[in-house]
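Biologist: I am new to this structure and would be glad of some company while I read it. Could you take a close look at one part for me, and then show me how it sits in the rest?

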Amino acid sequence: LFSWLSYSTKYSEELESIFDIDSSTISGLGKLTKFPFVGMDEDGIKDFEGDYVGSSQNGVWKYYNEYGNISTEQTFKDGMLDGKQTEYFEDGSVSSTMPWKDDKRNGELKIFNTSGLLTETGVYVDGERQGEWLGYHDNGEIKFRLYYKDDLQHGWQEYYDIKGNKESEYYMREGIILKSFDYDSTGAVV
């Protein structure tokens with residue numbers, strides 16, 4: 001059985017009295033097995049859309065800003081984030097990408113500026129930041145180089161100016177600063 005259901009915040013109480021709706025599942029659907037779901041705001045502008053399979057979100061869900069432009073795409077499997085998430089600037093260009101697995105961030109996060117240049121990248125493993133994370137100035141020079149272990153900064157953390165000169169560095173163990181150095185424009189410790 002295939003059906004279409006439209007959801008408006010204007011009628012949310014009435015709809016929620018018919019179906020038990022939370023952020024990712026609907027119960028009380030009876031024989032419905034797969035159907036598209038569209039959320040509308042009070043003015044009839046689309047808020048989001050995606051498919052339910054059984055009582056869970058599945059596949060790509062799209063979320064829209066107040067102007068009707070796409071703001072986020074997320075992939076679900078059995079009601080959990082599982083796949084690529086892409087966020088967009090108002091002009092439609094990509095602001096970030098992030099893979100998910102079993103409702104946890106898993107893989108390389110990439111963040112971009114409005115010109116499409118990479119501004120930050122790093123890896124999540126089971127929802128925690130791990131390993132090297134890099135930030136970039138708009139000219140492509142490294143802005144920071146950070147290291148994480150189990151979502152805490154761990155090891156040398158380095159910060160650079162727009163010309164690529166090291167400004168400061170910290171040695172951290174499990175989020176606690178143990179040593180720190182600041183540098184002047186010639187590279188001398190201050």
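Is Glu158 buried or exposed, and what is its relative accessible area?

Modeller: Happy to help! Glu158 is buried, because its relative accessible area is 13%; buried means under 20% relative accessible area, exposed over 50%, and partly exposed in between, with a 1.4 Å probe and protein chains only.

A word on how to read what follows. This is a predicted model, in which local features need pLDDT of at least 70 and side-chain atom pairs count only at pLDDT 80 or more, while totals for chains, interfaces and linings use all residues. Residues are numbered from 1 along each chain as its sequence is written, and side-chain values use heavy atoms, with hydrogens and water left out.

Back to Glu158 and its partners. Glu158 makes a salt bridge with Lys166, where the closest N and O atoms are 3.7 Å apart; the term stands for a side-chain nitrogen of Lys or Arg within 4 Å of a carboxyl oxygen of Asp or Glu. Lys166 also forms a salt bridge with Glu169, with 3.2 Å between the closest N and O atoms. Glu169 counts as buried because its relative accessibility is 10%, whereas Lys166, at 27%, is partly exposed. These three residues belong to a network of salt bridges that links Glu132, Arg145, Glu158, Lys166 and Glu169.

Seven salt bridges are found in the structure. One of them joins the side chains of Lys101 and Asp82, at 3.8 Å from N to O. Lys101 lies in strand 10 and Asp82 in the loop between strand 8 (80–81) and strand 9, so the pair ties together parts that are 19 residues apart in sequence. Helices (H or I, at least four residues) and strands (E, at least two) are DSSP runs, numbered from the N terminus. Asp82 is buried because its relative accessible area is 15%, and Lys101 counts as partly exposed at 40% relative accessibility.

Asp82 also leads us to Lys77, which touches Gln57, Asn58 and Asp82, leaving out residues up to four places away in sequence; a contact means heavy atoms within 4.5 Å. Lys77 belongs to strand 7 (residues 70–77) and is partly exposed, with 46% relative accessibility. Lys77 and Val60 are 17 residues apart in sequence, and their C-alpha atoms are 9.2 Å apart in space.

In strand 9 (residues 83–88) you will find Thr86. Thr86 counts as buried because its relative accessibility is 6%. Beyond its neighbours within four places in sequence, Thr86 has contacts that include Ser71, Glu73, Val94 and Ser96.

Ser96 takes us on to strand pairing. The bridge partner of Ser96 in strand 12 is Ile111. Strand 10 (residues 94–101) and strand 12 (residues 107–112) run antiparallel and are joined by two bridges; two strands pair if DSSP finds at least two bridges between them. Strand 12 also pairs with strand 13 (residues 118–125), in the antiparallel sense, over six bridges, and Gly107 has Tyr124 as its bridge partner in strand 13. Strands 12 and 13 form a hairpin with five residues between them, and Gly116 in the turn has a positive phi of about 90°.

Next, the nonpolar core. In soluble globular proteins, nonpolar side chains tend to be buried together. The largest nonpolar core here has 15 residues, and Phe37, Trp61 and Trp133 have the most contacts inside it; such a core is a set of buried Ala, Val, Leu, Ile, Met, Phe, Trp, Tyr and Cys residues joined through side-chain atoms within 4.5 Å. Strand 4 (34–40), strand 5 (46–53), strand 10 and strand 15 (142–149) each give two or more residues to this core, and strand 15 gives the most, with three. Among the residues that Trp61 touches, beyond those up to four places away in sequence, are Phe37, Phe48, Tyr52 and Phe76.

Now for the whole protein. Its secondary structure comes to one helix and 19 strands, and buried residues make up 35% of its 190 residues.

Finally, how confident is the predictor? The protein averages a pLDDT of 87, and 83% of the residues score at least 70; pLDDT is the predictor's confidence in each residue, from 0 to 100. Over residues 1–12 the pLDDT stays under 50, and the model has 37 contacts beyond four places in sequence for them. The pLDDT is also below 50 over residues 14–18, a stretch with six contacts beyond near neighbours in sequence. Where pLDDT is low, the predicted coordinates should not be read in detail.
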